[in-house]
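Q: I have a protein structure in front of me and would like to learn how to read its features one at a time. Where should we begin?

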Amino acid sequence: METVIAFAAGSLALLSDAVHMLTDAFSIILALIAMRLAQRPAKGTYTFGLKRVEILSAQANGLTLLLAAVWLGYEAVVRLLHPPEVTGWMVLATALTGVAVNLGATWCLSKANRTSLNVEGAYQHILNDLFAFIGTAVAGVVVMTTGFARADTIATLFVVALMVKAGCGLLRDSGRILLEAAPAGLDPDAIGDRLAASPDVAEVHDLHIWTITSGEPALSAHVMVHPGGDCHAVRRDLDQFLAETYGLTHTTLQIDHEDHAPHPAATAGPGPAAAAPHCAGGHGPRHRSEPHPH
């Protein structure tokens with residue numbers, strides 16, 4: 001219906017709102033499907049289950065926002081150069097209806113668990129649509145009172161800016177999870193140094209911190225314990241420290257005594273043979289209690 005009114009009124013702002021509403025419906029359907037899939041238990045080759053389907057959904061939401069923004073931005077530039085006639089009262093009436101509908105939808109989604117990037121993606125769609133309808137309503141008033149038809153196009157560009165901002169944010173956040181970057185606020189170097197400073201710990205290496213899905217950070221590391229140290233006590237203490245200090249409860253720590261670790265000779269060459277790292281093909285820096293480079 002809004003699309004029909006948009007063409008009748010000659011309003012690109014209303015058409016952009018209609019497109020945005022269509023992407024809203026797509027994002028909500030995709031979010032619901034992703035939430036159902038994410039609830040399936042882990043089995044077979046999917047050892048974490050299908051939790052990351054939520055992240056794929058967030059990526060799709062961000063991409064649809066950017067694609068729609070590119071098309072609407074192009075149309076807006078064309079109309080800035082050649083503004084058509086716009087029926088202001090139709091723009092205003094339709095926009096006010098959209099504001100009322102989106103206020104209700106925004107309130108409902110604001111009560112949901114927005115720590116999920118999937119839910120946050122659907123929420124951003126609805127919230128941006130609310131702002132877009134407000135901007136379109138203002139444009140309708142301007143067209144009615146002044147006859148300035150380009151106000152409709154300016155409102156469209158406002159909508160485009162909102163869509164780009166939300167789309168880029170979703171792609172950035174979901175991309176960090178897919179690339180297994182450390183969650184925001186967790187510094188792997190700082191955490192590695194604090195683990196290495198714990199009693200009986202000689203070294204920490206192969207430290208990885210990533211996010212399984214929204215709100216589920218995980219950590220794994222290889223911890224070397226001084227000769228004579230209690231490996232089991234060290235593991236319990238580090239698990240408790242990570243949970244209490246950083247909220248990391250999904251942790252996997254490989255604990256070895258330093259004197260029991262394999263030390264094969266380095267490759268042949270001039271000079272004395274040096275000890276090779278504990279893990280062949282290790283990843284990341286080696287954290288020790290004494291000063292060391294990262």
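A: Let us begin with burial: a residue is called buried when its relative accessible area is under 20%, exposed when it is over 50%, and partly exposed in between. Please keep in mind throughout that this is a predicted model. With those cut-offs, Cys231 counts as buried because its relative accessibility is 15%, whereas Cys168, at 39%, counts as partly exposed. Over the whole protein, buried residues make up 45% of the 294 residues.

Q: Since we have just met two cysteines, how many disulfides does the structure hold?

A: In general, a disulfide is a covalent bond between the sulfur atoms of two cysteines. In this structure there are zero disulfides.

Q: How many helices and strands does the protein have, and in what order do the elements run from the N terminus on?

A: The protein has eight helices and three strands. Read from the N terminus on, the order is α-α-α-α-α-α-α-β-β-α-β.

Q: How are the strands arranged in the sheet, and is the pairing parallel, antiparallel or mixed?

A: The general idea is that strands of a sheet pair through backbone hydrogen bonds, either parallel or antiparallel. Here three strands form an open sheet in the order E1-E2-E3, with mixed pairing. Strands E1 and E3 (250–257) stand at the edges with a single partner strand each, so one side of each is left without a neighbour in the sheet. On average, neighbouring strands of this sheet are turned by 10° against each other, if direction is ignored.

Q: Which residues stand opposite each other when I follow the pairing of E1 with E2?

A: E1 and strand E2 (residues 217–225) run antiparallel and are joined by eight bridges. Along this pairing, His205 stands opposite His222 in E2, and Trp210 stands opposite Ala218 in E2. The two strands form a hairpin with five residues between them, and in the turn Gly215 has a positive phi of about 75°. On the other pairing, E2 and E3 run in the parallel sense over eight bridges, and there Ala221 has Leu253 in E3 as its bridge partner.

Q: Are the residues of E1 and E2 mostly covered or uncovered?

A: A general point helps first: in a regular strand the side chains alternate between the two faces of the sheet. In this model, strand E1 (residues 201–211) is mostly covered, with 10 of its 11 residues buried, and E2 is mostly covered as well, with eight of its nine residues buried. Thr211, whose place is in strand E1, counts as buried because its relative accessibility is 9%. Leaving out residues up to four places away in sequence, Thr211 touches Arg52, Ile177, Ala181, Pro183, Glu216 and Pro217.

Q: Which helix lies across the sheet, and at what angle does it run to E3?

A: Helix H8 (residues 231–246) lies across E1, E2 and E3, and its direction is at about 150° to that of E3.

Q: Which residues have the most contacts inside the largest nonpolar core?

A: The largest nonpolar core has 21 residues, and those with the most contacts inside it are Ile191, Ile209, Leu219 and Val223. Helix H7 (188–196), E1, E2, H8 and E3 each supply at least two residues of this core, and the largest share, five residues, comes from H8. Apart from this core lies another, of 11 residues, among them Ala69, Ala132, Val160 and Ala166. To look at one residue of the largest core in detail, take Ile191, which is in contact with Leu186, Ile209, Leu219, Leu242, Tyr246 and Leu248 when its neighbours within four places in sequence are left aside.

Q: How far apart are the end C-alpha atoms of helix H6, and what span should its residues give?

A: At 1.5 Å a residue, the 29 residues of helix H6 (residues 150–178) should span 42 Å, and the end C-alpha atoms are 42 Å apart, so the two values agree. After H6 comes Glu180, whose phi is positive, near 60°.

Key
Residues are numbered from 1 along each chain as its sequence is written. This is a predicted model: local features need pLDDT of at least 70, side-chain atom pairs count only at pLDDT 80 or more; totals for chains, interfaces and linings use all residues. Side-chain values use heavy atoms; hydrogens and water are left out. Buried means under 20% relative accessible area, exposed over 50%, partly exposed in between (1.4 Å probe, protein chains only). Helices (H or I, at least four residues) and strands (E, at least two) are DSSP runs, numbered from the N terminus. Two strands pair if DSSP finds at least two bridges between them. A disulfide is a pair of cysteine sulfur atoms within 2.5 Å. Axes are lines fitted to C-alpha atoms, for helices over the stretch in contact, and angles run from 0 to 180 degrees between N-to-C directions. Contact means heavy atoms within 4.5 Å. A nonpolar core is a set of buried Ala, Val, Leu, Ile, Met, Phe, Trp, Tyr and Cys residues joined through side-chain atoms within 4.5 Å. The expected span of a helix is 1.5 Å times one less than its number of residues.
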